[in-house]
Amino acid sequence: MTRQKAHPASGADVPTQIKNEQLVRKRRRQIIDALVNLSIEHGYHNTTTRMIAKAAGFSIGSLYEYVSSKEDLLYLVCSTIHEEVQNAVEDALADGIYEKAQLAAAIRRYFIVCDKMADHIWLMYQVTQFLPDKWKKRVLETELNISDTFVTALTRLSGKNDFPSLDEKTCSLVGHNISVLGHMWAFRRWYLKKNFTLDQYIGIQTDFILGLIS
């Protein structure tokens, strides 16, 4: 894959008064993590920008140098999830994909990032509906891009070595299955962690995914 790596929390499409991109990325990640933690404790709608600023170690004025509203910040949560996921999957597929083992490695990397970002993913599913239309559209488009990364990998594998030939619809369906199964670990972890370790979950779901196309 030749796509340039994304930079989590940079959010170039969200205006900022700060010109230093690395500083913007660092500070926005602090603010994002504060929002996620406070939303889990108090609920998104009960979490104010003043609470977020205090938890992140900012004054309220400093916070508004990096974001203009809580809705912008929520969009950055979604953007950060997608960027971290896409970077991990593209790293796993950087040398091309020619065998099932490479697809399995990419699935594993994806699920590990979903575990790492579980609270962020949970918040995204809870409150994406409250985003302004322009941000909601971007979130949905980026979500499809993650699925498309797997669809592309499946298309490249189709009919090669021991991999079966798959039509376009099947590649699309399986790619979306992979995307959703990663998120399922995040938003149903309250149950799944009672019965499975992350490694067990990855193993079972990978066998399931590969079984769909064997």
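Q: In the protein chain, how far apart are the mean positions of the positive and negative charges?
A: The model is predicted. The protein chain carries 26 positive and 24 negative charges. Taking the mean position of each set, the separation is 5 Å.

Q: How many helices and how many strands does the protein chain have?
A: Read from the N terminus, the elements run α-α-α-α-α-α-α-α-α-α. The count for the protein chain is therefore 10 helices and 0 strands.

Q: What is the radius of gyration of the protein chain, and what would a compact globule have?
A: The C-alpha trace spans about 60 × 40 × 25 Å along its principal axes. For 214 residues, a compact globule would have a radius of gyration near 17 Å. The protein chain agrees with that, at 18 Å.

Q: Which percentage of contacts between residues at least 6 apart in sequence joins residues at least 24 apart?
A: A contact means heavy atoms within 4.5 Å. Counting contacts in the protein chain between residues at least 6 apart, the share that joins residues at least 24 apart is 69%.

Q: What share of the exposed area do carbon and sulfur atoms supply?
A: The protein chain exposes about 11,000 Å². Of its 214 residues, 45% are buried. Within the exposed area, carbon and sulfur atoms supply 51%.

Q: Is Leu76 buried or exposed?
A: Leu76 lies in helix α4, which covers residues 70–92. Its relative accessible area is 0%. Buried means under 20%, so Leu76 is buried.

Q: What distance separates the C-alpha atoms of Leu76 and Tyr110?
A: Along the chain, Leu76 and Tyr110 are 34 residues apart. In space, their C-alpha atoms are separated by 19 Å.

Note on methods. Residues are numbered from 1 along each chain as its sequence is written. This is a predicted model: local features need pLDDT of at least 70, side-chain atom pairs count only at pLDDT 80 or more; totals for chains, interfaces and linings use all residues. Side-chain values use heavy atoms; hydrogens and water are left out. Helices (H or I, at least four residues) and strands (E, at least two) are DSSP runs, numbered from the N terminus. The radius of gyration is taken over C-alpha atoms; the globule rule is 2.2 Å times the number of residues to the power 0.38. Buried means under 20% relative accessible area, exposed over 50%, partly exposed in between (1.4 Å probe, protein chains only). Accessible areas come from the Shrake-Rupley method with a 1.4 Å probe; for residues, only the protein chains shown count as cover. Lys and Arg count as positive and Asp and Glu as negative; His and the chain ends are not counted. The place of a charge is taken as NZ of Lys, CZ of Arg, CG of Asp or CD of Glu.
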